[in-house]
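User: I'm new to reading protein models and would like a close look at one chain. Could you walk me through it in plain words?

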Amino acid sequence: MAVEDKKQLKLPQKRFFRQRAHVNIFSDMEFQVPERPSAQDWSAHYPAYFRAPADQPADLKRPADGEAEAEAEDEGRQAAQAKRGPGAAAAAADAAGTARVEFADIGCGYGGLLVALAPLYPSTLMVGMEIRTKVVNYLQRRIEALRGFQHALLQRQDKGGVEWVDVRAKLSQEIADLAAPRDPSAPELHDNGETERLVPGHYENIAAMRINCQKYLPNFFEKGQLSKIFILFADPHFKRRKHKARIVSTTMLAEYAYILRPGGVLYTITDVKDLYEWNVKHLDAFPLFERIPDAELDSDPAVPCVVNSTEEGKKVARNKGAKYLACYRRIADPAEPGCL
Amino acid sequence: MPRLPITLMASSPAGLAMLAFDADFHIVDRTGKVVASTTVEADGVARISRAGKGAVKAAAFSRDAGLFAACTSEKEMAIYSTGDWALVRSHVAEKRVNAIAFDPQGAFLVTADKFGDAHRVPAAAAEGAAELLLGHVSILCDVAFSYGPRPLVLTCDRDEKLRISRYPNAYNIEAFGLGHTEFVTSVATAQFAPDVAVTGAGDGTVRLWDVATGRLLQTVRLEGLLAGYYADGRAARGENSYVDRTAAAERYGVLRVRAAEGLRAFVAVVERIPAVVVLPLGDGPALGPASVVDVASPPTDVAVLGDRVVVSYAPGPGGDLAVALSWSGGTAAADEALSSALNALPTGEADAVAPVPSIFVWGSKTHLDRPAGDDEDGE
C-alpha cells in the first residue's frame, strides 16, 4: 500500500451511523449464524489469524451424513486455518496453533472498549457483538480503517520516524496520574484508535459481528471457550414487562456460564443504579458466579477500559454521573464438588 | 356429527395409555379397555376429574407409572395417582405450557412453557410452589429426562436448539445439541439407549444425539423416506393463505418422536403425511434402516401401548380415530382387535371439528416470509 493511499484512509464518522438504542430482541431477524462453533469461518473477521476456506486443500470434504466425521474434519481444518498474516505484531504463538476468540463484548456499540483493549492483549482475539445493523457497520469500518493505518505505518517503518505506543507504560502512567481510576470525574482515558503510531496487535485481534446474543451465543462459542465477557452500559429495559429482555437474567447467566471457562471473568458496568442492583441480585443468586471484591479489581488492566473507554462511559463522565461496576468470576458448580 | 379426534396421547411404562380429545381423556389398557376416564360412566371404570378448563395440551406418566399429569390450554394442570386416579394436586401455571415431564424419581413435575421457562412443582404434595428450573430465550417445545446414571434434563426450542442441562442444578448447562435448522418440536429418550436422545424438527429431519456431549451422531432426512406421499397426492397440502404457509413448500414437519421400548426403536409422525416412520436403533449407535407404515389419515400423535405402536389421526373414512400396529419379523401389521377397541372409544361429537393449524404457523420464522425491504432490526 503506497503512502499516497493513506490520504484515502479515514475513520468513519459516527454521525452517519446513528441508530436508536432499542431493538426488540424477541422478533425474528435474519442473522448469519453458524450451525455450530466449529463451522464458523473466522477468517473474514481476523484475516491475520485465519486463512479463508477457499485456500484449503481440495480433498477436505464434508460427508452428507455422519456428522461425527465432519466434526473431526472441521477441527483439522481449523487447525490448518489458523495462520498469521503479514503485519501481525510479535505475539506469543498459541500453543496448539489454533487461535480462538477469548473475549466477547456483548452489546459492543461503537467499539470503544474493543479498540482500547486490543493493544493491551495483542495476541488475544476479541469479538464485539451488536444487534444494530448501522452500528455494526460503523464498527467494522472503523476496525478496517484502523488496521489500514497500521499497515501504512508498517510500510513506512523502515524509513524511520514511526513510533510504537507502549500501551502498558502509557496506561500505568495514566492510572498513576489519576487519583482514583474509577472516579467519575477522572479525565477520559484512551483516545480510541491510534492512527499515528503503531500499536501491539495492529488491531488485527478485534472484530465486530451482528448477532442476537440472547439466541445464538452457543452457536458461536464452545463450552468454556471465553476467558472474559463484557456487558457495558446495557439497555435497562425499565418497564416490568420488558425485564425478560434484560441482558442479565437467570436464563442468560446460564449461557454466559456455559461459554465462560471456570476462572473467567464477567464484567458489568452501568450508570443506572436500578439496573446495577438487578444485575447484582441475579449474579449473587446464580450459583456459578462469585463476586470479585473491589480490591482485586485494582490489579486488572481491563477495568480502567471498562470504566472509561466506551462512548457511553465517557458520556456518563461528562455528565458527572455515577458508574456502578460489578465483576464476577465463573466458578465450579458448588452442587457438584470435583466437577465443573 | 363428526367425532372429536384424539389429539394427544401419553404412555405409561406399566402398559397404559392416555388418549385425549379436547378437554377430556381416557386411560386404556393393552387391550384397549377403558380403565379410567373423564367421561365414561361404567362399572370398573374409575371416574377422573378433568385437568381443568380447555383442551389437554400436554400429558405425562411418571417412570414408576405411579403418577399421571395432564395440562390444558388454559394453563391448568392436575396430577393424579394411578392407583385410584384420585387427584393428588392441581396447579395453575403462569404461562401456557407446551410440554410436561416427571423427573426420574417422580418427585417433581417439570413444565416447559411458551415463554421459554421450565419450572418444577413438587408432584406428590398438595402444596409447594413452582420453582424456575431453566430458561431459553425462545418458545420451549418439549422437555425430557435422560436415562443415564447422571440425571440430565433436555429441552428443545423454536430457535433450533436442544439444550442438555444437569438436574436438578439445571443452571449448569452440560451441552447444546446444535444442527437443526428449524424449530425442534420433540425430544425423546429411551431406557434401551441411555446414551442417546432423538429429536424431530420442522426442518424435516430426525436427529440422533450423544446426550453427554451434545454431539450430533446422525441426521435422517425424512424427504428421502416420505417424498412419495407428496408425489401421489396422499399428503394433505395446506391452503395458500397468510395463516398457513405450508402450501408453497413440500415440508416435513415432525409432530412427535417417541421411544418404543419393546421394539428398540424410535417412531416419528410427520404433519399431514399419513404414515409412521420407524427407526430401529442399532450399533454405532445409529438409526436405521427405516421403515415407513401407511396409516389411514394424517396423524395427530403417536404413542406406544405395551409393544404396540398407536397412531391417532383426524377421523378418516369410516370415522376411525386411530390404528394400533404390531411387528413380527420386521413387518408391520395392524392389530385389528386393539384398533377396533380404540376406534370404539367414545370421544364425543361436535358440530364441526376445527382443522388443526400447521405447526409451521407458530414454528417458522416470520422473516423468511416477509417481503424484502422491511425494517431490518424489528424495531
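What share of the contacts in chain B with a separation of 6 or more comes from residues 24 or more positions apart?

Analyst: Sure! Keep in mind that this is a predicted model. In chain B, 45% of the contacts with a separation of 6 or more are between residues 24 or more positions apart.

Now for what the chain is built from. Chain B has 30 strands, along with 3 helices. Its radius of gyration is 20 Å, close to the 21 Å that the globule rule gives for 379 residues, so chain B is as compact as a globular protein of that length. If you lay the C-alpha trace of chain B along its principal axes, you get a span of about 65 × 50 × 45 Å.

What about inside and outside? Buried residues make up 60% of the 379 in chain B; to count as buried, a residue has to have under 20% relative accessible area. On the outside, chain B has about 14500 Å² of accessible surface, and carbon and sulfur atoms hold 51% of that.

Then there's charge. Chain B carries 46 negative side chains and 33 positive ones. The centres of those two sets are 2 Å apart.

One last thing, about confidence in the other chain. Chain A has an average pLDDT of 78, with 72% of its residues scoring at least 70. Among its elements, strand E6 (residues 289-291) of chain A has the highest mean pLDDT, 98, while helix H1 (residues 67-81) of chain A has the lowest, 44. Residues 178-183 of chain A stay under 50 in pLDDT, and the model gives them 14 contacts beyond four places in sequence.

Methods. Residues numbered from 1 in each chain as written. Chains lettered and ligands numbered in written order. Predicted model: local features only at pLDDT ≥ 70, side-chain atom pairs only at ≥ 80, totals over all residues. Heavy atoms only, no water. Helix = DSSP H or I, 4+ residues; strand = E, 2+ residues; numbered from the N terminus. Rg over C-alpha atoms; globule rule 2.2 N^0.38 Å. Buried < 20%, exposed > 50% of the residue type's maximum accessible area, 1.4 Å probe, protein only. Contact = heavy atoms within 4.5 Å. Areas by Shrake-Rupley, 256 points an atom, 1.4 Å probe, with all protein chains shown as cover. Lys, Arg positive; Asp, Glu negative; His and termini not counted. Charge placed at Lys NZ, Arg CZ, Asp CG, Glu CD. pLDDT = per-residue confidence, 0-100.
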